[in-house]
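The following exercises concern aromatic rings and their surroundings. Each task is followed by a solution in steps.

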Amino acid sequence: MYFVGKFKTIGENMTDYNKLAQLLFPDIDKTPDYYEALYPPRDLKEGARVTRLAPSPTGFLHFGNLFAAMTSYKTAKVSDGIFYIRVEDTDQKRKIEGAVEVMLEGLSAYGVCADEGVMADSSQKGSYGPYIQSERKEIYHTYAKHLVAQGLAYPCFCSADELDEIRTQQENEDIKGYYGKYAKCRMLSLEEIKENINAGKTWTLRLKSPGDINKKCCFDDMIKGKIEMPENIIDVVLLKTDGIPTYHFAHAVDDHLMRTTHVIRGDEWIASVALHLQLFRVLGFKPVKYAHIAPIMKAEGDGKRKLSKRKDPEAAVTYYKQEGYPSAAVNEYMMTIMNSNFEDWRKVNKTADINSFPFNLKKMSVSGALFDIAKLTDVSKNVISIMTADEVFALSYEWAKEFSPKLTALYEQDKAYAKAVLNIDRGNKKPRKDIAKWSDILDYISYMYDESFEENYELTGNADYKLAVQVLKLYKNIVDINDDKDTWFNKIKEICPSVGCTPNVKAFKQNPDAFKGHVGDVSTIIRVALTGRTNTPDLFAITALLGAEKVQNRIDRAIQFYEGAK
């Protein structure tokens with residue numbers, strides 16, 4: 001059923017509306033019923049949600065895009081529904097070639113892949129296309145013609161100067177726009193319209209709004225709850241002078257014919273809901289459900305502001321790729337700010353696939369989630385810490401080939417060795433969390449390669465240079481990379497009495513004046529000599545991987561340094 005208007009401002013009857021429709025759209029021979037049959041309701045289970053991302057080809061993928069896309073994607077997936085991509089390219093002047101493809105490639109890296117619509121390779125998949133608005137002109141014109149025939153739309157011949165004059169007249173009015181007494185073309189007769197067209201005047205098509213200034217539009221936002229606002233009374237433009245639809249008109253037609261159930265978008269669109277619901281009504285469509293996402297915020301000083309594409313490098317999704325944050329970590333972090341109950345769920349389901357989390361729109365922040373790069377870093381450390389060495393190597397190697405020639409060169413010397421290095425302390429009950437992003441790895445593994453090893457012989461704890469010389473000279477003669485871990489550590493403990501230390505840390509704490517140090521200090525001396533660091537993963541594994549020659553060479557250099565510095 002289509003809404004039938006009660007407006008006969010042309011001054012005649014429905015016959016004149018039909019004549020006007022034919023005058024404006026002589027080449028349109030289809031009716032809305034044709035497209036209703038061509039795009040029938042989807043055969044999905046009850047409760048399945050159909051959502052979409054509708055990018056315009058005008059810019060790069062920023063975090064807000066990714067956040068909204070993920071929200072739409074999750075909303076569809078948790079209900080066994082459909083997520084599709086529709087390109088809204090009605091503003092051809094702002095179009096950037098390749099922008100959509102770059103955006104879709106970026107989304108796919110985070111697992112946001114459409115079931116249908118425009119694909120990253122520019123192809124289109126699905127039965128509800130075309131999924132590019134510039135290819136749907138005939139569809140829009142069919143529905144526009146229908147509105148004219150119902151007396152719900154009319155051509156407007158006002159020039160830019162005339163519209164500016166209306167704006168000037170409305171400077172002191174609360175409501176501004178083309179409506180009521182300002183809607184000059186709304187009252188034109190059929191003959192006057194014909195004369196204007198014959199005179200070559202260009203026209204836009206405007207909605208003949210049925211809105212009442214004294215009535216309210218109420219709707220239940222899936223995130224923000226009940227919202228009330230005045231009805232739309234503006235005769236908005238539906239088709240521009242070139243016949244291209246405005247966003248408002250195109251989205252109503254497309255969301256209906258593509259059988260969208262939920263539209264998820266930024267809350268800057270809330271002000272347009274009254275118009276959009278009105279368009280669904282006059283077109284005879286069942287309205288979609290709206291969910292408006294608050295902008296991502298960032299702490300600044302004592303307050304907070306919107307995450308800025310201009311000010312904040314982390315606003316661009318390319319930032320995470322360049323820094324080497326795994327997509328799994330970004331997704332995990334996004335979910336922590338997307339649903340308030342996710343972190344509790346994760347504590348109970350430590351190893352569960354993130355896709356098994358029961359995402360819920362109603363658990364989203366009403367006022368705007370706060371972006372925290374430190375929190376992302378912590379989340380990323382957790383994610384990487386439970387990856388296998390093969391996973392870490394494969395993902396970081398792919399990253400390195402694009403962003404780090406030095407790490408690539410180290411890996412390609414011996415891939416098996418690189419994996420073994422990355423596997424140190426991996427798989428433990430309490431895995432180390434040294435790596436937050438792939439760009440950390442070069443420094444993390446640098447001491448395992450002579451060309452990137454940086455000597456640093458500063459000691460901590462009770463160790464001093466004199467003790468270091470004594471320990472290293474003894475260790476040099478007993479270290480054997482073929483020992484098992486217990487044998488290796490027992491040899492270190494056996495050194496302790498010879499250099500005035502105790503192999504028992506507890507004994508040292510009970511009587512520190514009786515010893516120069518304890519086994520931990522002896523181990524630190526060896527660790528610093530071999531790695532240049534006081535904190536590393538398992539020293540036994542490091543020693544075994546470095547090999548006898550490197551171990552001996554590094555001990556000799558450390559002894560030389562400490563003896564020269566005494």
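A residue is buried under 20% relative accessible area, exposed over 50% and partly exposed in between (1.4 Å probe, protein chains only). The model is predicted: local features need pLDDT of at least 70 and side-chain atom pairs pLDDT 80 or more, while totals for chains, interfaces and linings use all residues. Residues are numbered from 1 along each chain as its sequence is written, and side-chain values use heavy atoms, without hydrogens and water.

**Exercise 1.** Classify Trp 488 and Phe 489 by accessibility.

Solution. Trp 488 has a relative accessible area of 7%, so this residue is buried. Phe 489 reaches 31% and is therefore partly exposed.

**Exercise 2.** Determine the geometry of the aromatic pair formed by Tyr 84 and Tyr 131.

Solution. Rings of Phe, Tyr and Trp (its six-membered ring) pair if their centres lie within 6.5 Å; planes under 30 degrees apart are stacked, over 60 edge-to-face, and the rest tilted. The whole structure holds 31 aromatic pairs. For Tyr 84 and Tyr 131, the centres are 6.1 Å apart and the planes form an angle of 55°, which makes the pair tilted. Both Tyr 84 and Tyr 131 are buried.

**Exercise 3.** Which arginine lies over the face of Tyr 128, and which over that of Phe 453?

Solution. The criterion places CZ of Arg, or NZ of Lys, within 6 Å of the ring centre and within 35 degrees of the ring normal. Arg 42 lies over Tyr 128, at 4.0 Å from the ring centre. Arg 554 lies over Phe 453, at 3.9 Å from the ring centre.
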